[in-house]
Amino acid sequence: MNITELNELLMVKNVPQDLYSLEGGLPSESYCIEKTEDKWHLYYSERGVKETINYYDTEEEVVDAFLSEIDKYI
């Protein structure tokens with residue numbers, strides 16, 4: 001699954017949009033995916049601080065990990 005498909009799934013499942021960001025940034029209390037130069041960064045953003053969960057080589061890996069993190073919401 002890629003980011004576009006993930007976004008569609010989250011919308012269909014009515015996951016609150018303030019729970020995540022698929023474009024990175026520092027939203028408050030949100031799970032985030034951000035494309036870095038050569039990796040995908042999965043982190044939790046809280047009060048302007050990125051708490052790294054992990055870095056991944058592929059888009060598919062980061063999407064799978066993201067889904068595991070928010071599984072209780074979908």
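**Charges, fold and Glu34 in a predicted model**

The chain of this predicted model carries 17 negative and 6 positive side chains, with 4 Å between the centres of the two sets.

User: What makes a side chain count as positive or negative here?

Analyst: Just the residue type: Lys and Arg go in as positive, Asp and Glu as negative, and His and the chain ends stay out. On that basis you get the 6 and the 17.

User: Why is the pair Glu34 and Lys50 called a polar contact?

Analyst: Their side chains are joined at 3.0 Å, and the cut-off for a pair of N or O atoms is 3.5 Å, so the pair qualifies.

User: Which residues does Glu34 touch, leaving aside neighbours within four places in sequence?

Analyst: Gly24, Gly25, Lys39, Trp40, His41, Tyr43 and Lys50. Contact needs heavy atoms within 4.5 Å, so each of these has to meet that limit. Glu34 itself sits in strand β2, which spans residues 30–35.

User: Where does β2 fall in the order of elements?

Analyst: Strands are numbered from the N terminus, and the order runs α-β-β-β-β-α, so β2 is the second β in that string. In total there are two helices and four strands.

User: How do you know that the radius of gyration fits a compact globule?

Analyst: For 74 residues the rule gives a value near 11 Å, and the chain has 11 Å, so the two agree. The C-alpha atoms fill a box of roughly 30 × 30 × 20 Å along the principal axes.

User: What share of the residues is buried?

Analyst: 36% of the 74, meaning those under 20% relative accessible area.

Notes:
Residues are numbered from 1 along each chain as its sequence is written. This is a predicted model: local features need pLDDT of at least 70, side-chain atom pairs count only at pLDDT 80 or more; totals for chains, interfaces and linings use all residues. Side-chain values use heavy atoms; hydrogens and water are left out. A polar contact is a pair of N or O atoms within 3.5 Å; within protein, one must be able to donate a hydrogen and the other to accept it, and residues adjacent in sequence count only if both atoms are side-chain atoms. The radius of gyration is taken over C-alpha atoms; the globule rule is 2.2 Å times the number of residues to the power 0.38. Buried means under 20% relative accessible area, exposed over 50%, partly exposed in between (1.4 Å probe, protein chains only). The place of a charge is taken as NZ of Lys, CZ of Arg, CG of Asp or CD of Glu.
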